[in-house]
Amino acid sequence: MEAPMPASGDRSSGSLPSARLRELGIELPDAPAPLGAYVPAVEAGPFLFLSGMLPLAHGKLAFTGRFGADINVALGRDAARLAALNALSVVSHSRPGLDRVAGVVRLGIAMATTVDFVHHAAVADGASELFAQIFGKDPGHTRLIAGVQSLNLGSPLAIEAIFRIEESVREAPLQMNP
């Protein structure tokens, strides 16, 4: 039996990501369907690359607008967290599955902003902090944030992530579970 992960998100205790979600009282949303001609995730070597995730709830945008005009930092953090939960749901429904992911390697976030908005990092922390709670803070992940003119469907942000897969599960091709 595995020991629970400390509240700090340190994975050294061996707690699985699915157990961390349960401990935190987090239920993953349904995995969002692709909005175009692409797949939600692709496995390549020791990595799982995710397509851009929007802050969707029940197939619809939960947030719309631009940072600096319609969306403030607090709402933005919630939107980033929801997009990160959607990413975790996609990982959970794909091979290798959530419990075979060792952590996040890179997080990219595009935000629809006004020219004078400068609090990108505070918004992005909504996703980064969730990933740290699930996978631990060590070694952490790299991150790139960019302000853009517009995003798909009027979304205020989109995240993309690269996850590191544990060695023992890199043997079969990626397949989405039904």
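**Exercise 1. Is Y38 buried, partly exposed or exposed, and what surface feature does it join?**

Step 1. Y38 has a relative accessibility of 35%, so it counts as partly exposed (buried means under 20% relative accessible area, exposed over 50%, partly exposed in between, with a 1.4 Å probe and protein chains only).

A quick note before going on: this is a predicted model, where local features need pLDDT of at least 70 and side-chain atom pairs count only at pLDDT 80 or more, while totals for chains, interfaces and linings use all residues. Residues are numbered from 1 along each chain as its sequence is written, and side-chain values use heavy atoms, leaving out hydrogens and water.

Step 2. Find Y38 in the loop between α1 and β1 (41-44).

Step 3. Together with L35 and L153, Y38 forms a nonpolar patch on the surface.

**Exercise 2. Where does S155 lie, and which residues does it contact?**

Step 1. Look in the loop between β6 and β7 for S155.

Step 2. S155 is buried, as its relative accessible area is 1%.

Step 3. Leaving aside neighbours within four places in sequence, S155 is in contact (heavy atoms within 4.5 Å) with L54, P55, L61, F63, G65 and A112.

Step 4. Now take L61: it is 94 residues from S155 in sequence, yet 6.9 Å away in space, C-alpha to C-alpha.

**Exercise 3. What span should helix α3 have?**

Step 1. Multiply 1.5 Å by one less than the number of residues.

Step 2. For the 16 residues of α3 (residues 120-135) this gives 22 Å, and the end C-alpha atoms are 23 Å apart, which agrees.

Step 3. Just after α3, notice G136 with a positive phi of about 95°.

Notes
Helix = DSSP H or I, 4+ residues; strand = E, 2+ residues; numbered from the N terminus. Patch = residues over 30% accessible without salt bridge, like charges linked within 9 Å, V, L, I, M, F, W, Y side chains within 5 Å. Areas by Shrake-Rupley, 256 points an atom, 1.4 Å probe, with all protein chains shown as cover. Salt bridge = Lys/Arg side-chain N within 4 Å of Asp/Glu carboxyl O.
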